Amino acid sequence: MGSRTDGRVPNVLITGTPGTGKTSLASLVAGQSGFQHIEVGKWVKERGLHDGWDSELQCFVLDEDKVCDAMEESMSRGGNVVDYHGCDFFPERWFDLVVVLQTDNGILYDRLQRRGYTGRKLQENIECEIMHVIIEEARVSYREDILRVLKSNAVEDQEANLELVLAALSGRGLPPAREANGAANGSANGAAPRVRHGKRIKTHS
Ligand SMILES: Nc1ncnc2c1ncn2[C@@H]1O[C@H](COP(=O)(O)OP(=O)(O)OP(=O)(O)O)[C@@H](O)[C@H]1O
Ligand SMILES: [Mg+2]
C-alpha cells in the first residue's frame, strides 16, 4: 500500500462505534506518519458541515455532501487519516486501508458512561456495537482486502493496531484478516442485522 500505481499517497479510514478509540489511534498514526488527521466530527462542527442540531440525540445532523465536498481536495492528494463513526457515504476510491475498531460491550459501556453518556444515547451506541452495525456498513462499502476489524479494548490493542497501520502505510502490507488483532475478522458473524423495529440504528456522538 506504500505506493499506489497512480502515485497518490494512501489514505486511511479509522471507523467504529463512538468510544472505540478512533481519535486516539488516528492521532497516534498521524503523529508517527506525518499524515493529516481529519477528525470528521470536528470538521462538521467547525466548518458548519451540518443541517442543524438534533436536540433529542444531542448531536449535529451531518450533511454528507458538504462533508465529502470539504474533504475532496485533501483526499485526492492523499496522506490523510480520517476518523468517523460512519463510513458508507465516503467515496470508496478515497481509501487504501479501512480499519474498524471493536470494543467489548462492558468496556465500551464504562467508557461512554465516563464520558457522560446516559439514556437513549448510551443505549443506542451500545446496541450499535453489539449488532456490528459499523462492521457491516464497512463490509458492504469497502473491499475485503483493504478492510480489517481490530480489537480496541486495552492499550496493548492500541499499540498493535498502530503498528499494523504504520506497517501498511510503509508498504509492508497487511496481515491476513484472521491473524490481525481482531475479534470479528473472517468470523461466522456474517451480516449483522442493520434494522431493528423497522428503523436503522444510527451511532451518534
Ligand atoms: N485501545 C484502548 N484501550 C483503552 N482505552 C482506550 C483505547 N482506545 C481509546 N481509549 C480511551 O477511550 C476513550 C474514547 O476514545 P476516543 O475518544 O479515541 O474514541 P472515539 O472512537 O474517537 O469516540 P467518538 O466516536 O465519540 O469520537 C478515551 O478516554 C480513550 O483514552
Ligand atoms: Mg473521536
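## Inside helix H3

Let's start within one helix: Val67, Met71 and Met75 are the buried residues of H3. Keep in mind that the model is a predicted one. Several elements help to cover these buried residues, including strand S1 (11–15), strand S2 (36–39) and helix H2 (40–46). Strand S4 (59–62) and strand S5 (80–84) are also among the elements that cover them.

H3 itself runs over residues 64–77, a stretch of 14 residues. From its first C-alpha to its last, H3 reaches 20 Å, which is close to the 20 Å expected at 1.5 Å a residue. H3 also has a kink of about 45°. Met71 is at the centre of that kink, and Met71 is also one of the buried residues of the helix. Just after H3 comes Gly78, which has a positive phi, near 90°.

## The chain as a whole

Now let's step back. The chain has 205 residues, of which 37% count as buried. Its elements are seven helices and nine strands.

How do the contacts spread along the sequence? Taking contacts between residues at least 6 apart in sequence, 75% join residues that are at least 24 apart.

## The largest nonpolar core

The largest nonpolar core holds 40 residues, and the ones that touch the most other members are Val12, Leu13, Val98 and Val99. Strand S6 (residues 97–102) gives the most to this core, contributing five residues.

Leu13 is a good place to look in more detail. Which residues does Leu13 contact, leaving aside its neighbours within four places in sequence? They are Val82, Cys87, Phe90, Phe95, Val98 and Val99.

## Around ligand 1

There are 17 residues around ligand 1, and those that come nearest are Pro18, Gly21, Thr23, Ser24 and Ser205. Helix H1 (22–33) and helix H7 (155–169) are the elements that give two or more residues to this shell.

What kinds of residue make up the shell around ligand 1? Eleven are polar, three are nonpolar and three are charged.

## A residue to notice: His132

One last stop is the loop between helix H5 (119–130) and helix H6 (133–141), where His132 lies. His132 is not a glycine, yet its phi is positive, at about 55°.

Is His132 buried or exposed? His132 counts as buried because it has 24 C-beta neighbours inside 10 Å, and 20 or more are needed for a residue to be buried.

Notes: Residues numbered from 1 in each chain as written. Chains lettered and ligands numbered in written order. Predicted model: local features only at pLDDT ≥ 70, side-chain atom pairs only at ≥ 80, totals over all residues. Core = buried A, V, L, I, M, F, W, Y, C linked by C-beta atoms within 7 Å. Buried ≥ 20, exposed ≤ 12 C-beta atoms within 10 Å, placed from the backbone. Helix = DSSP H or I, 4+ residues; strand = E, 2+ residues; numbered from the N terminus. Contact = placed C-beta atoms within 7 Å. Near = placed C-beta within 6 Å. Nonpolar A, V, L, I, M, F, W, Y, C, P; charged D, E, K, R; others polar. Expected span 1.5 Å × (residues − 1). Bend = angle between axes of the 7 residues up to and from the residue.
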